[in-house]
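Me: Please pick one part of this model and take me through it closely. Where would you begin, and what belongs with it?

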Amino acid sequence: MQLRQENILVVDDDIHIIELLQRHLQSWKFHVYKAISVKEAVTILKDTRIDLLITDLKMPEVDGFELIKFVSEHYPKLPKLTITGYPSVQDSLAAIKSGVTDYLTKPFTKDELKKAIDKALHKGNSHAQTKKTELEKTNNAYGEIIGNSEQINDVIQIIERVKNNKATVFIKGESGTGKELVARAIHYQGKFSRAPFIAVNCGAIPENLLEAELFGYVKGAFTGAETNRDGFFQAANGGTIFLDEIGNASLAVQSRLLRVLQEKEVVKVGATKAEQIDVRIVAATNSDLREMIKKQTFREDLFYRLTVVEIEIAPLRDRKDDIPLLVDKFLFKYGIEYKDRFIKIAPEALNILMRYDWPGNIRELENIVQRAVIMSDKVIEAESLPSHLKYVIDMPSDALVPLKEIERRYIEKVLRATGNNKTKAAEILQIDRKTIRQKLAD
């Protein structure tokens with residue numbers, strides 16, 4: 001059966017209702033996705049283009065209202081249709097305020113369902129001309145990129161410039177800042193989004209295997225090459241290949257990459273014939289490639305080929321206004337995953353996260369929130385956060401004093417902050433109690 005372009009996601013904990021809706025929708029040639037929980041629905045939304053959401057309101061654990069709120073915040077263009085077997089004026093008003101296009105009460109007729117769906121899709125299409133970036137920016141999201149800081153907005157503006165062409169892009173930033181998310185946004189927000197996106201961590205593949213993994217090999221090229229095999233570049237043909245930690249590539253691999261960029265072709269290991277290829281290359285690193293060029297460990301000509309367009313991602317400590325938005329994202333993600341419900345965070349706990357400088361950037365923040373969700377019930381309190389976050393102390397910079405004196409003052413501040421608890425202070429300082437006594441006695 002030929003299906004229409006529209007993808008409809010149906011969410012209901014009643015499998016009989018889902019099957020009924022599926023039969024009706026497929027008879028009208030819609031493509032149907034099914035979920036029996038909000039958790040499952042969120043997973044589908046993240047991986048699939050959905051044109052209409054149909055959701056029940058009353059569901060166990062996380063209800064339909066929370067799903068509607070999530071969709072309104074993260075997918076503002078997606079039309080929403082609600083169904084319920086427990087109608088009330090309060091619920092209908094709440095649903096309408098949340099932006100749903102229609103509110104159906106069970107049992108409903110097939111004709112009523114069809115009219116509601118046509119109305120919802122028509123409303124969604126009427127807003128199709130609105131710029132996607134403006135809608136997502138209003139809701140502090142651009143694809144998987146979360147933030148409303150000036151630094152993030154600058155990144156999004158560059159992505160908008162490059163997403164619909166295949167110019168080579170170079171992303172630089174500290175570890176954990178979200179370089180792969182930027183690469184995915186370049187691919188999935190543009191017109192090549194239906195083509196392959198292949199991510200390769202050059203630092204995770206042994207140097208002697210990287211060449212074969214990237215470009216493929218022919219039978220007999222080396223011991224163990226029993227058949228011809230395509231590489232990551234062939235897999236990404238027509239789309240985008242993301243080369244993370246490009247600074248780890250050997251000079252031999254760098255030479256082959258230069259050929260790909262110059263000639264738009266690859267040669268498998270052990271082959272003599274080149275293959276034409278159409279791939280956009282997005283590279284990233286947290287290494288200083290200019291310094292590597294001076295040491296002759298990175299090719300200068302490749303560097304300039306890779307940096308046609310450069311995107312620099314600011315560390316989290318320089319865009320702390322984005323922390324509450326990121327925390328909300330991770331609370332939703334891990335609350336659903338671990339608790340099957342939404343977890344909130346107390347203001348005091350959020351203030352602690354705002355004070356910390358996050359040397360591990362977004363990856364460290366996500367790990368902390370993930371742990372806190374596991375250790376909490378409904379609300380993350382300050383007690384659920386690690387000690388090294390709670391005792392951040394600013395050192396005075398108005399006087400030049402010996403290092404030993406700064407060390408002693410800092411130990412005293414940590415002791416005061418912990419109520420003179422030497423065990424806790426030693427844990428924060430990562431030294432033993434004996435060392436604390438020695439340094440205070442000096």
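Reply: Begin with Gln 296, which sits in the loop between α12 and α13. Helices here are DSSP runs of H or I with at least four residues, strands are E runs with at least two, and both are numbered from the N terminus. The model is predicted, so local features need pLDDT of at least 70 and side-chain atom pairs count only at pLDDT 80 or more, while totals for chains, interfaces and linings use all residues. Residues are numbered from 1 along each chain as its sequence is written, and side-chain values use heavy atoms, with hydrogens and water left out.

Look at the backbone of Gln 296. Its phi is positive, about 60 degrees, although Gln 296 is not a glycine. Is Gln 296 buried or exposed? It is exposed, because its relative accessible area is 66%. The cut-offs are under 20% relative accessible area for buried, over 50% for exposed and the range in between for partly exposed, with a 1.4 Å probe and protein chains only.

Two other positions can be set beside this loop residue. Lys 29 also has a positive phi, about 65 degrees, and is not a glycine. Lys 29 belongs to the loop between α1 (15–27) and β2 (31–35). Lys 29 counts as partly exposed because its relative accessibility is 39%. Asp 340 comes just after α14, with a positive phi of about 55 degrees.

Now turn from the loop to the core. The largest nonpolar core has 31 residues. Such a core is a set of buried Ala, Val, Leu, Ile, Met, Phe, Trp, Tyr and Cys residues joined through side-chain atoms within 4.5 Å. Those with the most contacts inside this one are Phe 233, Ile 241, Leu 243, Ile 246 and Phe 298. Both helices that flank the loop take part: α12 (289–294) and α13 (300–306) each supply at least two residues. So do β9, α9 (207–215), β10, α11 (251–263) and β13. The largest share, five residues, comes from α11. In soluble globular proteins, nonpolar side chains tend to be buried together.

Strand β10 deserves a closer look. It covers residues 240–244, and five of its five residues are buried. Which residues point which way? Ile 241 and Leu 243 point one way, while Thr 240, Phe 242 and Asp 244 point the other. Ile 241 and Leu 243 return here from the list of core residues with the most contacts.

What does β10 pair with? DSSP must find at least two bridges between two strands for them to count as paired. Strand β9 (residues 197–201) runs parallel to β10, with five bridges. Opposite Ile 241 in β10 stands Ile 198. Strand β13 (residues 280–285) is also parallel to β10, and four bridges join the two. Here Thr 240 has Arg 280 of β13 as its bridge partner.

Stay with β13 for a moment. Ala 283 is in this strand. Ala 283 counts as buried because its relative accessibility is 0%. Its C-alpha lies 8.6 Å from that of Lys 172, though the two residues are 111 apart in sequence.

Charged contacts complete the picture. The structure holds 21 salt bridges. Each is a side-chain nitrogen of Lys or Arg within 4 Å of a carboxyl oxygen of Asp or Glu. One of them joins Arg 259 and Glu 265, at 2.5 Å from N to O. How covered are its two ends? Arg 259 is partly exposed because its relative accessibility is 37%. Glu 265 is buried because its relative accessible area is 13%.

Another salt bridge links Lys 268 to Glu 275, with the closest N and O atoms 3.9 Å apart. Lys 268 counts as buried because its relative accessibility is 11%. Glu 275 is partly exposed because its relative accessible area is 28%. Asp 230 joins Lys 268 and Glu 275 in a network of salt bridges.

In short, the starting loop residue, Gln 296, is exposed. The helices on either side of that loop, α12 and α13, feed the core.
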